[in-house]
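I opened my notebook to look up a handful of things in this structure. Here is what I wrote down, entry by entry.

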Amino acid sequence: MSKINANTEWGTLKEVILGRAEWAQVPRIKNKDIHCVDYANIDDLSNMPGGQYPEDVINETIEDLDVFQKQLEDIGVKVMRPIKFNHGVTHMSPDWSSDAYYSYCPRDSVLTIGDMLIETPMPLRSRYFETFGMRSIFKEYFVNGSRWIAAPKPRLPDKLYDRSDLNAPTLTEYEPAFDAANCVKIGKDILYLVSNSGNKMGARWLQSTLGEKYTVHMLENVYAYVHLDTSIMPLAPGKVLLNPERVKEEQLPDIFDKWEKIWAPEPHETQVMHDWAPASPWLGMNILSLSESLVAVEENQINLTKTLEDAGFDVMHVKMRHCRTLSGGPHCVTLDTVREDEYADYR
């Protein structure tokens, strides 16, 4: 493996961590955290499913991820995978206990910026130890000269969560808490979505950690639910994909003043087990840039494919039969660790 190098969302991808579906589950233990982060729009969780996803969902997802790995390797990308471990085991702190979620979305728990790998302070108790499945990979990058840090481990007490106003994010400012997928990289500028999965204190911690070399832009009143990569996704220097249901042009930071704005078409509704899935149809916009001209798109998103081709991109179609049920598309299930790109001002 090389040294971490990830400055943008679009530089030619050279090395990546691809998630796993083995033992994937929805936590059986449903406390205030998961109610506020994943299921804030549901009043009563007593009838929500818990435990391992159906066997056919897991097996078919394993098949799809293995095919995706082969597609990436065929274009010269080195692919690494988390170790397999049982997510049904209960873990606890002095304040709470929980079982785990999965290793399907490495994008959520780890942020790569420049030569740095940052384990983020995720607000879900069920994902507290998720990065342990990738620790052997992190150690190799560290040995090769990468910087490896972890945010302060959050306590995640009940006072971090508040569902009293569902028009606002459900995280309080008790302590820094955010998922890595709340962020996207544009060289010296980092976009950070304030939402149910990332509070303002998390953005302030990230800014203080990155220092004056970077500017962390807090995006508020855009999309309160969770991550940024189904709302705003930079695809190449001067080109950004936007969700027309969530984003208004006047809400965009001035980074994008001179950029071409590509408005995503209505997503194609794919199969989904609604009781298990908090993901919206806009997961179809969850795409992975493989270079400045090539993007990976879930194979059913034909309208999006045409929109991207009209904007000058080539498209690699990825089969992900249960991406909505497991809440993760091509961008979610990958963590870019090495790209051929550079730190720069892309305004």
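**Entry 1: sorting residues, then a cavity.** Before I counted anything, I fixed my classes: Ala, Val, Leu, Ile, Met, Phe, Trp, Tyr, Cys and Pro go down as nonpolar, Asp, Glu, Lys and Arg as charged, and the others, Gly among them, as polar. I also noted that this is a predicted model.

I went looking for empty space. Rolling a probe the size of a water molecule over the atoms shows where empty space is left. I got five cavities of 30 Å³ or more. I picked the second largest cavity, which has a volume of about 60 Å³. Its lining is made by Glu9, Arg107, Val110, Leu111, Thr112, Ala180, Cys183, Lys185, His331, Leu335 and Asp336. Three elements give two or more residues each to that lining: β7 (110–113), β10 (183–186) and β19 (334–340). β7 gives the most, with three residues. With my classes, the lining of the second largest cavity splits into five nonpolar, two polar and four charged residues.

**Entry 2: the largest pocket.** Next I checked the largest pocket, and its volume is about 220 Å³. It is lined by 16 residues, and the closest to its centre are Ala168, Pro169, Val194, Asn221 and Ala224. The lining of the largest pocket has eight nonpolar, five polar and three charged residues.

**Entry 3: positive phi.** Asn221 came up in the pocket, so to speak, and I looked at it again. Which sign does phi of Asn221 have? Its phi is positive, near 60°, and Asn221 is not a glycine. Most residues other than glycine have a negative phi, and most peptide bonds are trans. Asn221 sits in the loop between β12 (215–219) and β13 (232–236). Is Asn221 buried or exposed? I call Asn221 exposed because its relative accessible area is 71%, and the cut-off for exposed is over 50%.

Ser327 also goes on this page: its phi is positive, about 60°, though Ser327 is not a glycine either. I found Ser327 in the loop between β18 (314–318) and β19.

**Entry 4: Glu119.** This one is in strand β8 (residues 116–119). Glu119 counts as buried because its relative accessible area is 5%, and buried means under 20%. What does its side chain make a polar contact with? The partner is the side chain of Arg135, at 3.1 Å. Leaving aside neighbours within four places in sequence, Glu119 has contacts that include Ser109, Thr131, Phe138 and Trp148.

**Entry 5: Ile186.** Ile186 belongs to strand β10. Its relative accessibility is 0%, so I put Ile186 down as buried. Trp10 is 176 residues away along the chain, yet the C-alpha atoms of Ile186 and Trp10 are separated by 8.9 Å. Apart from neighbours within four places in sequence, Ile186 is in contact with residues including Asn7, Trp10, Leu191, Pro234 and Phe256.

**Entry 6: the cores.** The largest nonpolar core has 82 residues, and those with the most contacts inside it are Tyr53, Tyr104, Leu191, Ile232, Leu241, Phe256 and Leu308. Helix α2 (residues 55–74) gives the most to this core, with six residues. There is also a second, separate core of 17 residues, with Leu111, Ala180, Cys183 and Trp205 among them. I recognised Leu111, Ala180 and Cys183 from the lining of the second largest cavity.

Back in the largest core, I looked up Leu308. Not counting neighbours within four places in sequence, Leu308 is in contact with Leu235, Ile287, Val295, Val297, Phe313 and Val315.

Note on methods:
Residues numbered from 1 in each chain as written. Predicted model: local features only at pLDDT ≥ 70, side-chain atom pairs only at ≥ 80, totals over all residues. Heavy atoms only, no water. Helix = DSSP H or I, 4+ residues; strand = E, 2+ residues; numbered from the N terminus. Buried < 20%, exposed > 50% of the residue type's maximum accessible area, 1.4 Å probe, protein only. Polar contact = N/O pair within 3.5 Å; in protein donor to acceptor, adjacent residues only side chain to side chain. Contact = heavy atoms within 4.5 Å. 1 Å grid on protein atoms, 1.4 Å probe; cavity = no way out; pocket = protein on both sides within 12 Å on 5 of 7 lines; lining within 4 Å. Points joined across faces, edges and corners; volume = space filled by probe spheres on them. Core = buried A, V, L, I, M, F, W, Y, C linked by side-chain atoms within 4.5 Å.
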